[in-house]
Amino acid sequence: MSGAGGRPQFFVDAWDPAYGASFEASPGGPAAPSSAQVDPDVELPAADWRALGPRDGVHAPEVVLLVDGVRRIDASVWTAESDGVSYPGVAASYAAGVVRCDLGRGAAEMAGARVARGLFTASPSAQEMVAGSVRYPVHRVGGSGELSKLPAAVQGPLTALEVAVSDAARSDGDLLVVDGPLRARRQLPRTLGYVKTQHSQYLDARLTAVVTAMAPGQRCPVFRLRVGTGWGGWSWYLRLPVARGAPWAGIVRVECSPDLEPTDAIALADLSLVTLPRFASTPYKDPRAPQNLVPIAGLERRLRALLGDARLLHRALSAAARRARR
């Protein structure tokens, strides 16, 4: 995109740089293609792609549930095995919660939250760590258990915790929005995966131009992603309320279960367009506006508080390790 004299135009991302960027291009540039296969001819033929607005007669559900999880590494640990081998590990705390938004009453409340902890390591002999009254059960990971890869091992138990808290809060006719890709939550009914940071471009340049030209409150047609050996699900982009700026400003990617029929996926896309913009944040309140939805931001703060004081836990873990060595 160029201005007068062929000079490129520059935009400042609205997000605080401490949180990265709302669109994170690969080293090859924003147009670098993803390895995923795309079927764009789901809702409209690719040749007819255009920005879509709210469909007549579609209204937001009375109840929307938004679920999110947080995780924190409380300490890095090492084991000393009897055969002289040493394994790294991480003591992690994680929490999941759900906010129930009653759009009819204009009220939101936390509908449930759970905290869990664990010691993640490949050590075959590691035992539960106890730091005062706090316990870290062992989660044994496969492979060599490299320290740099251990934090990612927390995601599986965290996702399971998110499923558990959302299941307990659901009711007939609600809509569940999970922060991030659906992953293992694809079986949940009436559920959207909400991806606020765009790491990859899945569409070709012509279809991407349709996406970046969308006005606030518009979405692109539904397309299908094939990741690896199977179809990864139905997906679409929509633009939240935002002042015009960088091409990807305010754009999020939404996905739903690949098990749905195309007509059901399109219906969820229409529903997302009249629902998600209502929760968009504003720059003076949130450094990741508008993508970091207001209920999610509040939920994250509550969940981090539930994790407890990181310094106290680190101190208690250090003391427990010293006692174990005596």
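Two residues are in contact when heavy atoms of theirs lie within 4.5 Å. With that in hand, let's look at this predicted model. Among contacts in the protein chain with a separation of 6 or more, 63% join residues 24 or more positions apart.

The protein chain has 326 residues, and 47% of them count as buried. Its secondary structure comprises 5 helices and 12 strands. The accessible surface is about 16,000 Å², and carbon and sulfur atoms hold 53% of that.

Now for the inside. The table sets out two nonpolar cores.

| Core | Size | Residues named |
|---|---|---|
| Largest nonpolar core | 52 residues | Trp236 and Tyr237, with the most contacts inside it |
| Another core, apart from the largest | 21 residues | Val154, Val163, Ala169 and Leu176 among them |

Which helix gives the most to the largest core? That is H3, residues 262-275, with 7 residues.

Helix H4 (residues 294-306) deserves a closer look. Its 13 residues, at 1.5 Å a residue, should span 18 Å, and the end C-alpha atoms lie 19 Å apart, so the two values agree. Which residues of H4 are buried? They are Pro295, Ile296, Ala297, Leu299, Glu300 and Leu303. An α-helix has 3.6 residues a turn, so residues three or four places apart point the same way. The cover over the buried residues of H4 includes strands E2 (63-78), E3 (88-102), E4 (107-121) and E8 (175-179). After H4 comes glycine 308, which has a positive phi near 90°.

How values were computed
Residues are numbered from 1 along each chain as its sequence is written. This is a predicted model: local features need pLDDT of at least 70, side-chain atom pairs count only at pLDDT 80 or more; totals for chains, interfaces and linings use all residues. Side-chain values use heavy atoms; hydrogens and water are left out. Helices (H or I, at least four residues) and strands (E, at least two) are DSSP runs, numbered from the N terminus. Buried means under 20% relative accessible area, exposed over 50%, partly exposed in between (1.4 Å probe, protein chains only). Accessible areas come from the Shrake-Rupley method with a 1.4 Å probe; for residues, only the protein chains shown count as cover. A nonpolar core is a set of buried Ala, Val, Leu, Ile, Met, Phe, Trp, Tyr and Cys residues joined through side-chain atoms within 4.5 Å. The expected span of a helix is 1.5 Å times one less than its number of residues.
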